[in-house]
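Q: Got a minute to go through this one with me? I'd like the fold and the packing.

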Amino acid sequence: MSSRTRARGLKSAAGVHTVHIPRQRGRRGAQPFIIVVPEQLSLTRQAAGWAGRMLWRHRGALAPTLLALLALAAAGLLHVKAPWAGLVLAVLAAGPAVWLLLAQRRRPGTGSVLAWRIGLAVLATLAMGWFAAAAGFGPLTGPLAVLWLLIWGAAQTIWLIVRRTH
């Protein structure tokens, strides 16, 4: 490092480096630029780093949240680009009910198995119905935003309960 860019003989504040940039040619008598760079990260940067590490550490537990955010963005994009896609998606919303009937016919379940199947089918039907309506009318139109929050909360809660028990 050049001696012109180092602070010579100056006692700077603790944790701060001072870099002097030499004068430019043609600017006689002008004061040099001084850049002060703190050694420690700002409080905002530390908080953002902490939040990022927490999200990364618990990324498996937050999978429904990521899917819900992706569904919200995809529904908004579909609403802007092709609002008619809501009609196509509405037909697909019956898929979980068909799955429930096929699963019960192949391997009949009783008790808690049947309850879990029905619960999953209802939640998936609600989610796909919301996606179809959001693609057609807009994701934040009327009660669709509240419905999105309720579906996301239910999915996240069920996900956390299932992950704890297995």
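**Fold and packing**

A: The protein chain has six helices and two strands. Keep in mind that this is a predicted model.

Q: In what order do the elements run from the N terminus?
A: The order is β-β-α-α-α-α-α-α.

Q: How much of the chain is buried?
A: Of the 166 residues in the protein chain, 19% are buried.

Q: And the exposed area, how much of it comes from carbon and sulfur atoms?
A: Those atoms supply 69% of it. The protein chain exposes about 12700 Å².

Q: What about contacts between residues far along the sequence, at least 24 apart?
A: They make up 54% of the contacts between residues at least 6 apart in sequence.

Q: Which residues form the largest nonpolar core?
A: Eight residues: A68, A75, L123, W130, A134, L144, W148 and I151.

Q: Which helices supply at least two residues each?
A: Helix 2 (63-81), helix 5 (112-137) and helix 6 (144-165) do.

Q: Let's take I151. Where does it lie, and is it buried or exposed?
A: I151 lies in helix 6. I151 counts as buried because its relative accessibility is 12%, and the cut-off for buried is under 20%.

Q: What does I151 touch, leaving aside neighbours within four places in sequence?
A: I151 is in contact with L123, L126, A127 and W130.

Q: And how far is I151 from P64, C-alpha to C-alpha?
A: The two C-alpha atoms are 9.9 Å apart. Along the chain, I151 and P64 are separated by 87 residues.

Q: Flip it around. Which residues does L123 touch, again not counting those up to four places away?
A: L123 touches I151, A154, A155 and I158.

Q: Switching to rings. How many aromatic pairs are there?
A: The count is two. W130 and F131 form a tilted pair, at 6.5 Å centre to centre with 45° between the planes.

Q: What about the W148 and W152 rings, why is that pair stacked?
A: Their planes are at 10°, so the pair counts as stacked. The ring centres are 6.4 Å apart. Under 30 degrees is the cut-off for stacked.

Q: Where do W148 and W152 sit along the chain?
A: Both are in helix 6, four residues apart, which is about one turn of the helix.

Q: Buried or partly exposed, for these four aromatics?
A: W130 is buried, at 4% relative accessibility. F131 is partly exposed, at 21%. W148 is buried, with a relative accessible area of 15%. W152 is partly exposed, at 30%.

Q: Which arginine lies over the face of W56?
A: R59 does, at 4.1 Å from the ring centre.

Q: Another arginine, then. Where is R117 found, and why does R117 count as buried?
A: R117 is in helix 5. Its relative accessible area is 16%, so R117 counts as buried.

Q: Which backbone oxygen lies 2.8 Å from a polar atom of the R117 side chain?
A: The backbone oxygen of R107.

Q: What else does R117 touch, not counting residues up to four places away in sequence?
A: Besides R107, R117 touches W99, L100, A103, Q104, P108 and G109.

Key:
Residues numbered from 1 in each chain as written. Predicted model: local features only at pLDDT ≥ 70, side-chain atom pairs only at ≥ 80, totals over all residues. Heavy atoms only, no water. Core = buried A, V, L, I, M, F, W, Y, C linked by side-chain atoms within 4.5 Å. Buried < 20%, exposed > 50% of the residue type's maximum accessible area, 1.4 Å probe, protein only. Contact = heavy atoms within 4.5 Å. Phe/Tyr/Trp six-rings, centres within 6.5 Å; stacked < 30°, edge-to-face > 60°. Lys NZ or Arg CZ within 6 Å of the ring centre and 35° of its normal. Areas by Shrake-Rupley, 256 points an atom, 1.4 Å probe, with all protein chains shown as cover. Polar contact = N/O pair within 3.5 Å; in protein donor to acceptor, adjacent residues only side chain to side chain.
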